[in-house]
Amino acid sequence: MKCIEQLIAKYLTKNLSEEETEYLRRWVEELPGREEYLRRLAERNDFSVKYRRYEAVDAEGAKRRFLRKIRRRQIFDTTHWAWYSAAAVAALIVVSVWFSRTSEPEAPAFLLTEVAPGTTQAVLVLENGSEFSLTRGGETIAFDDSLSARTEDGAITYNPGYAVKSPEYHTLVVPRGGEYRITLSDGTRVHINADSKLRFPVAFSGSERRVQLSGEAYFEVAKEAARPFVVEAGAARVRQYGTIFNINTYNDAAEVVLVSGAIGVSRENGAEVSLAPGQLAVCDEGIEVRDVDVLPYIAWTKGRFTFDDERLADIAEDLMRWYDVEIEILDPEIADMRFTGSVGRDQSIERIMNAISYTQNVRVEVKENKIEIFK
């Protein structure tokens, strides 16, 4: 049977099962005053809000920290599954006092209000070296008499009617702290993450449609049965005719996740490996394929960070790219801490750092433009 403090926690955060609800009801009826204490705790929703805030970043860490705080204040006989009556009342009083605290959980007092989430921004570099700064504003960019592109709502769309005279390439550069979307001349849509580059022809010709990527991007490929779409990304080559997939080359090993359709993944001059939806290909010295939940890999395209038992060191890399800030983890043990949760990319980095500090009981300090995490 669940410990009573766990049931109280689940009750206040509305996570009780029917069986647990019935057990808690019987426990409350055993002693006068227990119902009143639970009612008062439920009326104070400030802790529930804070708990859910930190649970979004690290669900298991928030739960463990909450239970540790309660257990340090409890007095009960561990040889029995239920508290003695007097001890139960004392423990509930302590829990009530702890819940009624209005201050933030123990987290260092630091200000990160100047560090804003990423925005829609990119730089378009032409083959002759000319540059265009791209933002949200709607405008038409005329490159020559027949070639133009339209910017609208954080995206650029190339004119599909351009007549190819000779191969011409443009490069879309998305800096740290940015993201951008592009619709290529064939109708393929690409969402490009921070600190990434996409090199592409202004118009596709020949027997295939080929682009080059460094960083991360999410592709929705326009269907053309006669011409495959090929992405060169580090050591990986991805080929398909019309499908949806995500490529991440931030690390040495490129990661390709297939959302829908079918693709072939290969290394340069190597054999091609087929992927089915819901599979990940890791391209290092070879190609490793495994089944995965695709959501953590594409959550960034939906405006969220989603962590599934992910190392803090890897999370810090994502945060540095999106918030354009330096993060240093001073202890290898902390770097290997695991987190599971989801939080919006529009949230302040201060909220995320507070949650990390709270759920894992580590310290966070800011020195100039660098965040340090340590014990």
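**View 1. The largest nonpolar core of the predicted model.** In this predicted model, the largest nonpolar core has 43 residues, and the ones that touch the most other members are Y158, I182, F219, V231 and F245. To follow one of these residues, begin at F219, which touches R189, V190, L198, V211, L213, F229, V231, T243, I244, F245 and I247 once residues up to four places away in sequence are set aside. Two names in that list of neighbours, V231 and F245, also belong to the group of residues that touch the most other core members.

**View 2. Another core, apart from the largest one.** Separate from the largest nonpolar core lies another core, made of 24 residues, including L312, M337, V362 and V364. One of these residues, L312, is also part of helix α8, where it is buried, and the next view turns to that helix.

**View 3. Helix α8, residues 312–323.** Helix α8 has 12 residues and should span 16 Å at 1.5 Å a residue, and because its end C-alpha atoms lie 16 Å apart, the expected span and the model agree. The helix is mostly covered, with nine of its 12 residues buried. The buried residues are L312, A313, I315, A316, L319, M320, R321, W322 and Y323. When reading such a list, it helps to remember that an α-helix has 3.6 residues a turn, so residues three or four places apart point the same way. Just after α8 comes D324, which takes a positive phi of about 50 degrees.

**View 4. S196 in strand β10.** S196 sits in strand β10, which covers residues 196–201. Is S196 buried or exposed? Its relative accessible area is 1%, and because buried means under 20%, S196 counts as buried. The side chain of S196 reaches two backbone atoms, namely the oxygen of N193 at 3.1 Å and the nitrogen of E216 at 2.9 Å. Leaving aside neighbours within four places in sequence, S196 is in contact with L172, V173, V174, S214, G215, E216 and Y250, so that E216 appears both in this list and as a partner of the S196 side chain.

**View 5. The whole protein, for orientation.** The protein contains 10 helices and 25 strands, and 47% of its 375 residues count as buried. Its accessible surface comes to about 18400 Å², of which 47% belongs to carbon and sulfur atoms. Among contacts in the protein with a separation of 6 or more, 53% are made by residues 24 or more positions apart.

Notes
Residues numbered from 1 in each chain as written. Predicted model: local features only at pLDDT ≥ 70, side-chain atom pairs only at ≥ 80, totals over all residues. Heavy atoms only, no water. Helix = DSSP H or I, 4+ residues; strand = E, 2+ residues; numbered from the N terminus. Buried < 20%, exposed > 50% of the residue type's maximum accessible area, 1.4 Å probe, protein only. Contact = heavy atoms within 4.5 Å. Areas by Shrake-Rupley, 256 points an atom, 1.4 Å probe, with all protein chains shown as cover. Core = buried A, V, L, I, M, F, W, Y, C linked by side-chain atoms within 4.5 Å. Expected span 1.5 Å × (residues − 1). Polar contact = N/O pair within 3.5 Å; in protein donor to acceptor, adjacent residues only side chain to side chain.
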